[in-house]
Amino acid sequence: MRDFFRKLNYKFSLFMQGRNGMDDLAKAESVALWIVLIAMLFLSRVPVASLVCNVLFWVILIHMYFRVFSKNLNQRYRENNWYRNLRYRMAVKRDRRKKERVQKGAYRFYSCPSCKQRVRVPKGRGKICITCPKCRMEFVKRT
């Protein structure tokens, strides 16, 4: 029996050579599958929601397996890179919002009208002229 599984494992590893396999995007899709599956359990009595969850489940599942078994490694690499960049940008935004919440008592945050750069100024100074560090545009705000 052990020999059978060893041969099966060997044949599967030969099959997977040159294929994409499980990358970060495929792992995220598998987590999304579990979330949709749990939602299907709770929404089984609502026909429209159950249908939407069912379709979503199959779309994600087919897309995940298509990516895992794909031999077009360059395209799958670009897709995975896009997902990782998206996740990075979301983490940066979350960290920035967290820092702003911590500093909210002592500072005010404004966006430059020209370039949308976030500028931090101390509270309680009245009307001040703020110079954007990025584009050097000056604008007046009350702190």
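K116 counts as exposed, at 59% relative accessibility, in what is a predicted model. The residue is found in the loop between strand 1 (107-111) and strand 2 (118-122). Its phi is near 65 degrees, a positive value in a residue other than glycine. R136 has a positive phi as well, near 65 degrees, and is likewise not a glycine. R136 sits in the loop between strand 3 (127-131) and strand 4 (138-142). With a relative accessible area of 61%, over the 50% cut-off, R136 is exposed.

These loops belong to a chain that has four helices and four strands. Read from the N terminus, the order of the elements is α-α-α-α-β-β-β-β. The chain is more spread out than a compact globule, because its radius of gyration is 25 Å, well over the 15 Å that the globule rule gives for 143 residues. The C-alpha trace spans about 80 × 45 × 25 Å along its principal axes. Of the 143 residues, 22% are buried. The accessible surface of the chain comes to about 11,400 Å², and carbon and sulfur atoms account for 60% of that area. Among contacts with a separation of 6 or more, 40% are between residues 24 or more positions apart.

Helix 4 covers residues 73-103 and contains R84. What is the C-alpha separation of R84 and S44, which are 40 residues apart along the chain? The two C-alpha atoms are separated by 33 Å. R84 counts as partly exposed, since its relative accessibility is 43%, between the limits of 20% for buried and 50% for exposed.

The buried part of the model can be taken next. In soluble globular proteins, nonpolar side chains tend to be buried together. The largest nonpolar core here has eleven residues: M16, A26, L33, V36, M40, C53, F57, I60, L61, M64 and V68. Helix 2 (24-42) and helix 3 (47-68) each supply at least two residues of this core. Which helix gives the largest share? Helix 3 does, with six residues. One of the core members is C53. Leaving aside residues up to four places away in sequence, C53 touches V36, A39, M40 and L43. There is also a second, separate core of seven residues, which includes C112, V119, V121 and I130.

The aromatic residues give another view of the structure. A search of the whole structure finds five aromatic pairs. The rings of F4 and F5 have centres 5.4 Å apart and planes at 65 degrees, so this pair is edge-to-face; the angle required for that class is over 60 degrees. F5 is partly exposed, because its relative accessible area is 48%, under the 50% that an exposed residue must exceed. Elsewhere in the sequence, F12, F15, Y65 and F69 form one aromatic cluster.

Two arginines lie over aromatic faces. R19 is placed over the face of F15, at 4.1 Å from the ring centre, and F15 is itself a member of the cluster with F12, Y65 and F69. R120 lies over the face of Y107, also at 4.1 Å from the ring centre. Y107 falls in strand 1 (107-111) and R120 in strand 2 (118-122), the two strands on either side of the loop that holds K116.

How values were computed
Residues are numbered from 1 along each chain as its sequence is written. This is a predicted model: local features need pLDDT of at least 70, side-chain atom pairs count only at pLDDT 80 or more; totals for chains, interfaces and linings use all residues. Side-chain values use heavy atoms; hydrogens and water are left out. Rings of Phe, Tyr and Trp (its six-membered ring) pair if their centres lie within 6.5 Å; planes under 30 degrees apart count as stacked, over 60 as edge-to-face and the rest as tilted. Buried means under 20% relative accessible area, exposed over 50%, partly exposed in between (1.4 Å probe, protein chains only). A charge sits over a ring if NZ of Lys or CZ of Arg is within 6 Å of the ring centre and within 35 degrees of the ring normal. The radius of gyration is taken over C-alpha atoms; the globule rule is 2.2 Å times the number of residues to the power 0.38. Contact means heavy atoms within 4.5 Å. Accessible areas come from the Shrake-Rupley method with a 1.4 Å probe; for residues, only the protein chains shown count as cover. A nonpolar core is a set of buried Ala, Val, Leu, Ile, Met, Phe, Trp, Tyr and Cys residues joined through side-chain atoms within 4.5 Å.
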